[in-house]
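Let's work through some exercises together, one small step at a time. Keep the viewer open beside you and try each task before reading its solution.

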Amino acid sequence: FQMYVLFLVILLAIFLFNLVVYKFEILSPPVLLSFMFFFCAFVGIIRYDDWRLNEYYGFTVLVIVSGILVFCLGGYFGSACRLNYLKKNEPIRHSRIELDRLCTVVFIIIGISGNVIFFYYVRKMVLNLGYAHNGISQMLYSYYIIKMKLQNVGDNNIPYFSNVLNRFVTVNSVLCLYIFLHNICFRKYEKKDLWLLLIILFWPIQSIIKSGRGDILVLLAESIYLMYFFWNMYYGWNDTVNNKIIKWGSRIFGVFLISFIILAIVLGKRNSFAELNVKEYLTKYISVGIRNFDLFLKNPVRSDFFGQETFPGFHRILYNYLNIGNLYATPLDGIQFNGFSMGNIYTAFRRYYADFGLFGMLFISYLLGYFFSLAYEKIKKKSYKDQTGFGLLLFAYLSKEIFYWPIENQLLISELSVGGIFKIIILYILYLLAVKKKVKIIIRRKL
């Protein structure tokens, strides 16, 4: 009996159990995490022979299943504040959220200038280091190679002004996505909201210039949670929303797959569509983390110091401001296996395990399960009373960790840093300015 098949059966059982326990709330964190692992592992069957999944390690199954169960246990205690919600609640109606015209113009200027300045930085970096740059695709791929090989390429080497603009591009897009989806879900959309869509698109454009695609998945994760809460408020928390989320979630995922394939050419990963093997390309990014984690556990590597892989942003702070420690690259080492390039993703569990061992990995999983479930229940409780605030926007933004878990650790890498904290602070200020209207810009004319 193949261990990998047993692994899939266990993952499916955990997902179905969570689905029943949480009363079919498909975006409850334990339900979502168990589904993401099952989905990613299931897609891996396509590469069963290529990746020799018949050799899947029993200990790997034990470690992954234990990590998921402990996350769910933390989720259970985090959900202890669950009230006996009514199956149906009174529908809530909102007026439009209007983004000030001045803010709209400023956001667009920041989006254009931020991406243009960063594009020329990338071009200069590739040229100065002598990498191939015949065409935009090759230049972006060269920048990807530079990021992977050189430790000091990253926020520290990006010009300060460009770095700040990049963070504002992200924050502006996150906020405008909130406003855009709010107006759509509460049926207050107007044509001028297309300007918000333009501002939102500056974020994935920035991600492409960085030769990455991860921010696109983050944007989609935020979108799904925002639609889930907004629609539930509008329809009164009934089964209509689950059906709409499944319907629109499938469409969004389809668009994501298509864009992911197109970006393989844009980012120079492949020279043409004729050269692109769609099956190998997609399975590599969806499922390879689960396979690579198994290969890692068969030949584990321990970190040289506390939190080396889990908290690189924190160590960057120590290095930059206190001259403590060393500056090191965030990406992990790639793997070659059975004649295939397996990439360098290992699930989020890899970093926790390498830094803190099995028990440390389980402890972090428990804490994150508790945190996300507690936040989810608090926001749900407030949404019943139409009292959702900045917490909903922040939760939706940080929810990327749940979607990303079978692939990589996102939350502790990207947010536990100066840049991550800066973005959250600015996001809160802009939220007060644009949504709560508690901050006003006063322009006084000279008499």
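## Exercise 1: Backbone angles

S211, just after α7, takes a positive phi of about 65°. This angle belongs to a predicted model, as does everything else below.

**Task.** Find where R52 and R187 sit, and decide whether each is buried, partly exposed or exposed.

**Solution.**

Step 1. Begin with the angles. R52 is not a glycine, yet its phi is positive, at about 50°. R187 is not a glycine either, and its phi is positive at about 55°.

Step 2. Now locate them. R52 belongs to the loop between α2 and α3. R187 is found in the loop between α6 (160-185) and α7.

Step 3. Apply the cut-offs: under 20% relative accessible area is buried, over 50% is exposed, and in between is partly exposed. R52 has 30%, so R52 is partly exposed. R187 has 58%, so R187 counts as exposed.

## Exercise 2: Checking helix lengths

**Task.** Compare the end-to-end reach of helices α7 and α2 with what is expected at 1.5 Å a residue.

**Solution.**

Step 1. Take α7, residues 194-209, with its 16 residues. The span should be 22 Å, and the end C-alpha atoms of α7 are 23 Å apart, which agrees.

Step 2. Turn to α2, residues 29-43, with 15 residues. From first C-alpha to last, α2 reaches 21 Å, close to the expected 21 Å.

## Exercise 3: What covers helix α2?

**Task.** How many residues of α2 are buried, and what covers them?

**Solution.**

Step 1. Count the buried residues: 12 of the 15 in α2, so the helix is mostly covered.

Step 2. Pick some out in the viewer. Among the buried residues of α2 are P29, P30, L32, L33, F37, F38 and V43.

Step 3. Look for the cover. The buried residues of α2 are covered by elements including α1 (3-21), α3 (58-78), α8 (214-235), α10 (278-298), α12 (348-384) and α14 (400-404).

## Exercise 4: Following S173 to its partners

**Task.** Which residues does S173 touch, leaving out those up to four places away in sequence?

**Solution.**

Step 1. Find S173 in helix α6. With a relative accessible area of 0%, S173 is buried.

Step 2. List the contacts: S173 touches I199, I200, F202 and W203, once residues up to four places away in sequence are set aside.

Step 3. Check these partners in α7. The buried residues of α7 include I199, I200, F202 and W203.

Step 4. For a contrast in distance, look at D333. S173 and D333 are 160 residues apart in sequence and 32 Å apart in space, C-alpha to C-alpha.

## Exercise 5: Two residues of helix α12

**Task.** Describe the surroundings of L368 and A354, and say whether each is buried or exposed.

**Solution.**

Step 1. Place both residues. L368 is in helix α12, and A354 is in helix α12 as well.

Step 2. Check the accessibility. L368 is buried at 9% relative accessible area, and A354 is buried at 3%.

Step 3. Read off the contacts, again not counting residues up to four places away in sequence. L368 touches F71, Y352, E401, W405 and L411. A354 touches F296, V301, R302, S303 and E309.

Step 4. Add two distances. The C-alpha atoms of L368 and G75 lie 8.2 Å apart, with their positions 293 residues apart along the chain. Those of A354 and V63 are separated by 13 Å, at positions 291 residues apart.

## Exercise 6: The whole chain

**Task.** What radius of gyration would a compact globule of 447 residues have, and what does the chain have?

**Solution.**

Step 1. Start with the parts: the secondary structure comes to 16 helices and two strands.

Step 2. Compare the radii. A compact globule would have a radius of gyration near 22 Å, and the chain has 22 Å, which agrees.

Step 3. Add the outer dimensions. Along the principal axes, the C-alpha atoms fill a box of roughly 75 × 60 × 50 Å.

Step 4. Look inside and outside. Buried residues make up 55% of the chain. The chain exposes about 21300 Å², and carbon and sulfur atoms supply 64% of that area.

Step 5. Finish with the contacts. Of those with a separation of 6 or more, 75% join residues 24 or more positions apart.

Note on methods. Residues numbered from 1 in each chain as written. Predicted model: local features only at pLDDT ≥ 70, side-chain atom pairs only at ≥ 80, totals over all residues. Heavy atoms only, no water. Helix = DSSP H or I, 4+ residues; strand = E, 2+ residues; numbered from the N terminus. Expected span 1.5 Å × (residues − 1). Buried < 20%, exposed > 50% of the residue type's maximum accessible area, 1.4 Å probe, protein only. Contact = heavy atoms within 4.5 Å. Rg over C-alpha atoms; globule rule 2.2 N^0.38 Å. Areas by Shrake-Rupley, 256 points an atom, 1.4 Å probe, with all protein chains shown as cover.
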